[in-house]
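Reader: I'm new to this one and would like to talk through its charged contacts. Could you show it to me before we begin?

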Amino acid sequence: MSHGPISYAHLGAASGAEPRHILSLSGGKDSAALAIYLRDRIPAMEYIFHDTGKELPKTYDYIARLEAILDKAIVCTTPEDSFDHWLAVYRGMLPSNHRRWCTRMLKLKPFEAYVGDGPVINYVGLRADENRTGYISTKPNILAVYPFQDDGLVRADIIRILEDSGLGLPPYMEWGRSRSGCYFCFYQQKIEWVRLLETHPVYFDLAAEYEERAVQHGQQFHWCQGEPLRELRRPERVQQIHENWERSEARREATRKNLPLVETLGGLEPGDDPHL
Ligand code: SF4
């Protein structure tokens, strides 16, 4: 792991103005680790957290603990208009992978409003062992940089950074959720919905209510791959999902033994932030 000085300031110099340095926190492990990784190297860093208003409560505790470690305020850029406002604007059409207005309205727009029109270097927590691109602003004054990729840091490094700092892993990982974000995020796998039901039943019920209300707007919508949450919550279905997951984990475990170490540590894991 590299601990050398890091500087991207020259990248923003073309505009003539000194660029701002901004790091968006998601409540997930990668952006938190990046903040800690860069804390002492980029003193001018501005930390922001785009609160969708639909996060799990412990995310706010995690952000508060991170703020103490960074010893710097994390600016919460809660959008002026809430998720429910935008849901009404979109005539009750809940967001999904193919109509992802939630990220645009609750994350990207508040980010661009916060940034303004001056030059900005935006620090993004994609890891060296992730094979995906970010869902990031394309405004010409915002330049995205990827310090973990530049320095070759993989999942094991990120976990080490979090543990060494005393912050530890985000609370959602304790109960087996793979990503940060809204409690109803449509990127959750079936096993994650079951775990949400078992760990935070109130939030599962709230997600189910959104599905029920969508029907009243003439929308047939399911957060979870074509399966209504009221069906998924049946005890026999819950048990079946657990069993399916255990079987697929056993298969994955067998495959892992034949893979290089770097892949077993992170290459198979989805990214923890749906906004990257
Ligand atoms: S966490 Fe999921 S549901 Fe929430 S804004 Fe992001 S993509 Fe949309």
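Author: Let me begin with a definition, since we will need it shortly: a residue is called buried under 20% relative accessible area, exposed over 50%, and partly exposed in between. Please also keep in mind that this is a predicted model.

Reader: Okay, so is Arg160 buried, partly exposed or exposed?
Author: Arg160 has a relative accessible area of 38%, so it falls in the partly exposed class.

Reader: And which residue does Arg160 meet in a salt bridge?
Author: The partner is Asp157, with 3.1 Å from N to O. Asp157, at 10% relative accessibility, counts as buried, and the two residues sit 3 residues apart in helix H6 (residues 155–165), which puts about one helical turn between them.

Reader: How many salt bridges does the structure hold?
Author: The structure holds 17 salt bridges. One of them joins Lys54 and Asp84, whose closest N and O atoms are 3.1 Å apart.

Reader: Where do Lys54 and Asp84 lie?
Author: Lys54 is in the loop between strand E2 (46–49) and helix H2 (57–70), while Asp84 belongs to helix H3 (residues 83–89), so this pair ties together parts that are 30 residues apart in sequence. Lys54 is buried, at a relative accessible area of 14%, whereas Asp84 is partly exposed at 35%.

Reader: Switching topic, which residues are linked in a network of salt bridges?
Author: That network links Lys29, Asp30, Arg127 and Asp129.

Reader: And what about helix H11, which residues pair up there?
Author: In helix H11 (residues 235–256), Glu249 and Arg252 are 3 residues apart, about one turn of the helix, and they form a salt bridge with the closest N and O atoms 3.0 Å apart. Arg252 counts as partly exposed, at 32% relative accessibility.

Technical notes
Residues numbered from 1 in each chain as written. Predicted model: local features only at pLDDT ≥ 70, side-chain atom pairs only at ≥ 80, totals over all residues. Heavy atoms only, no water. Salt bridge = Lys/Arg side-chain N within 4 Å of Asp/Glu carboxyl O. Helix = DSSP H or I, 4+ residues; strand = E, 2+ residues; numbered from the N terminus. Buried < 20%, exposed > 50% of the residue type's maximum accessible area, 1.4 Å probe, protein only.
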